[in-house]
Amino acid sequence: MSRQIIVGLVGQPNVGKSTLFNVLTRGNAIVTNWPGTTVERSEAVIRHNNSEIKIIDLPGIYGLSYLTPEERITRKFITEENPDVIVVLADSTILERTLYLVIEILELTGRVVVAVTKVDEAHSRGVHVNYDLISKRLGVPVVPVSAIKGNGIDQLLSSIVEKAGVESPVLRVEYGELEAFINAIEELFAGSRQLSSKYPPRWLALKFLEGDVEVEELARRQLSGVYSELCMVREEAKRRIGQDLAAFISISRMRFIREKILKDALIIAPLKKIEKSWYRLFYNPFTAPLLSLGILLVVFLAVFIVNTGFPLTTILDKLGYTELASIIREYSISGIIDKLFTALSNYIVNSLGESPWTLFLVNGLLGGVASVIVFIPLILIVMMALGALEDSGLLPRLAIGVHLLLNKAGLSGHALLPLSISMGCNVPGVMSTRAVPSSSERLKLILLTPFIPCQARLVVLLAIATAIGGFAGALLVPFIYVVSFIIVFTLSYIIHRLTTSERREEVELLLEIPPVHKPYLKVVWWFTWHYLKHFITKAGTVILIVSIASWLLQHTSLGFMYTDNASESIIASASRSLSIILRPLGVSGEYSWIAMYAVIMGFLAKELVLSTIVTATGASDPIEAFKTLGLSTPSAISLALFISLYIPCLATVATIHGETRSWKYTILSIILMLIVAYSLGVLAFHIANILLTIN
Amino acid sequence: METTTLDLTREGSVVTVLEIRGGGWVRRLYQMGILPGSQVKVVFNRGVGPIVVRIGDVEVSLGRGIARRIVVKVTQG
């Protein structure tokens with residue numbers, strides 16, 4: 001058998017790279033991080049005609065400059081990992097622009113197979129391409145594929161196998177007036193054996209002229225003897241060309257694509273174009289915010305109703321249809337899961353008998369697993385809804401629609417995705433900030449998205465709301481959502497005001513708007529899985545471990561013996577001495593330590609607040625348990641607000657650190673949330689007290 | 001021919017990019033096909049909010065702060 005073929009998959013964002021990768025690997029990828037970065041590296045090994053192919057998915061990039069971590073990774077991969085074949089994707093619907101990356105890579109290496117994606121879509125738009133002619137002109141195989149329909153995949157794999165081990169020359173793009181300067185610099189670079197064995201000298205020359213940071217550094221270190229000469233040639237070139245050399249080089253490449261590669265190879269038969277004027281409603285500064293917010297509201301209300309029954313159940317309750325409301329609650333996703341786990345634990349207790357071990361199994365282990373699994377379907381529904389919005393092309397339009405509103409708070413339309421995903425779970429919410437182009441805006445979002453109530457907090461809040469009951473109970477959850485968003489926007493505005501004007505300018509929108517189409521279920525699922533995966537791996541492990549550990553702590557007495565009575569446990573006595581902290585929120589009395597205890601557990605994972613109160617009070621369900629605490633309505637409201645805001649859960653803390661690689665920033669995030677939650681909690685208690693006594 | 005910045009162009013007009021005046025977004029703009037010499041159609045511009053332009057077959061939305069840095073020449077409309 002022949003050796004393994006190493007293949008790198010490279011493409012611009014939105015050309016269908018993840019779709020192709022998933023089709024090629026049939027979803028069996030191993031995901032790690034690129035060394036020293038937080039950028040994901042997915043790879044998979046597949047077989048094709050007796051050959052073993054290892055496919056590595058490289059991050060989406062627009063070009064090969066050395067500016068973003070993604071571009072650096074791709075360059076390092078090509079020059080240092082020596083892949084046998086690089087599959088570069090070009091989008092047939094926007095061939096001219098996406099060939100740009102193909103050209104840039106072909107100038108660096110000839111080990112390329114070009115995959116032209118979305119051919120079915122291009123065809124339906126009247127785009128016809130002569131792939132053979134383009135392949136001849138580029139000097140490498142060009143394979144049309146339609147990943148969604150699975151067309152061309154076999155040919156692509158065969159081309160990869162054939163191409164492996166076959167060297168072809170790099171592509172020579174004509175740069176007109178700049179040629180003389182390129183040649184001069186190329187010769188100087190060719191003088192260094194070390195450099196020219198690793199990179200084509202002409203490519204180094206171009207990158208040097210473009211002002212590439214890495215090549216500049218290489219030249220300075222390895223060609224120190226002629227470095228000043230190199231710079232002189234470049235200065236001369238700048239004078240001669242009379243404009244930014246990077247721009248000149250980009251323009252020449254574009255012209256080369258138009259005049260040398262695509263000429264007579266691309267025919268666009270203009271189909272009868274139906275100008276869909278309703279899309280423009282998303283651009284209009286007056287209709288766009290209303291339309292976008294309206295769509296988001298409807299989508300999230302639908303998601304919440306499917307997940308928990310709220311707010312439909314609250315409305316039905318108020319209208320007197322309590323029976324209907326409880327049916328909806330029972331058959332919402334969280335209701336169904338709840339029932340399943342109750343049945344399962346009853347079954348275990350009945351068949352194994354009641355002993356400390358069964359209790360550990362049921363409440364510790366099963367409870368731990370449950371607190372993870374319960375949220376999988378809830379987060380799944382949120383991600384599916386967002387995935388459908390994203391794939392249909394609506395999400396970028398919504399981002400444009402809310403850009404002006406977000407801009408007033410010092411954010412851009414790019415913030416929409418992280419904020420929306422956070423409504424499902426803060427862990428993928430923080431991770432999704434990677435797509436935000438401005439680094440200062442991204443850091444701000446990492447700090448602020450944990451204020452957004454996730455599905456776990458929604459479930460906790462709903463239980464507290466039901467326990468409070470009445471008018472105040474009905475308004476509690478909407479109130480906390482509104483407060484949370486006001487906090488995010490206010491803090492963002494304050495940070496925005498405090499930053500320098502240069503940073504402030506970065507809060508801008510630059511977004512490609514893909515065409516609107518019906519979402520493909522497959523693609524929606526990939527989006528969903530991408531974010532859900534983070535919850536399962538990161539949050540899942542953290543929650544599982546801490547809920548087992550906490551069960552053990554709850555059942556160990558001060559004398560390190562097993563105890564049935566949670567109030568005798570180590571953690572209970574710690575909570576008793578700390579419960580004074582909650583006094584300003586109006587939490588006092590015999591059971592106030594339980595609230596403190598729940599607050600401590602809630603740091604580990606917010607959903608543990610409920611189960612902690614249930615086990616500590618010995619009540620049969622969360623609502624009963626919360627009532628046992630005997631809190632007045634104002635202090636219950638203030639405690640709910642505090643619990644929702646006071647801290648990012650442990651999994652989110654781990655994610656914030658993973659994304660920022662800064663302890664300072666991570667600790668800042670915790671302190672910020674504590675301060676905001678505590679002061680607003682105290683404030684809410686006093687205001688509620690006044691309002692409710694007036695009534 | 002009239003030289004202006006992209007944020008001041010009329011909706012429906014076709015413009016040629018002359019220069020992009022600095023800022024951290026330059027490279028990304030180049031890579032998206034907005035660079036000196038490229039022809040851009042202004043699809044949407046109402047004086048407030050993001051501008052939408054069309055380059056070839058792709059629509060791109062840009063904030064006004066970025067558009068202000070793009071110097072263009074109106075070629076049509």
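This passage describes how chains A and B meet in the model and then turns to one helix of chain A.

The structure is a predicted model, in which local features need pLDDT of at least 70 and side-chain atom pairs count only at pLDDT 80 or more, while totals for chains, interfaces and linings use all residues. Residues are numbered from 1 along each chain as its sequence is written, and chains are lettered from A and ligands numbered from 1 in the order in which they are written.

At the interface, 30 residues of chain A are in contact with 27 residues of chain B (contact: C-beta atoms, placed from the backbone, within 7 Å). Two or more residues each are given to the chain A side by helix 3 (95–108), helix 12 (245–261), helix 19 (394–408) and strand 10 (510–513); helices (H or I, at least four residues) and strands (E, at least two) are DSSP runs, numbered from the N terminus. Strand 10 of chain A gives the most, with four residues. By residue class, the chain A side divides into 15 nonpolar, eight polar and seven charged residues, where Ala, Val, Leu, Ile, Met, Phe, Trp, Tyr, Cys and Pro count as nonpolar, Asp, Glu, Lys and Arg as charged, and the others, Gly among them, as polar.

Strand 10 of chain A also runs antiparallel to strand 5 (residues 58–62) of chain B, joined to it by four bridges; strands pair if DSSP finds at least two bridges between them. Glu512(A), for instance, has Val60(B) as its bridge partner. The resulting open sheet holds seven strands in the order 10(A)-5(B)-4(B)-3(B)-2(B)-6(B)-1(B), with antiparallel pairing. Its edges are strand 10 of chain A and strand 1 (3–5) of chain B, each pairing on one side only.

Helix 7 (residues 179–190) of chain A offers a neat geometric check: at 1.5 Å a residue, its twelve residues should span 16 Å, and its end C-alpha atoms are 16 Å apart, which agrees (expected span: 1.5 Å times one less than the number of residues). Its buried residues are Phe181(A), Ile182(A), Ile185(A), Leu188(A) and Phe189(A). A residue is buried if 20 or more other C-beta atoms, placed from the backbone, lie within 10 Å of its own, exposed if 12 or fewer, and partly exposed in between. The buried residues of helix 7 of chain A pack against helix 8 (193–196), helix 9 (201–210) and helix 11 (227–241) of chain A. On the other side of helix 7 of chain A, Glu179(A) and Glu187(A) are exposed.

Key:
Contact = placed C-beta atoms within 7 Å.
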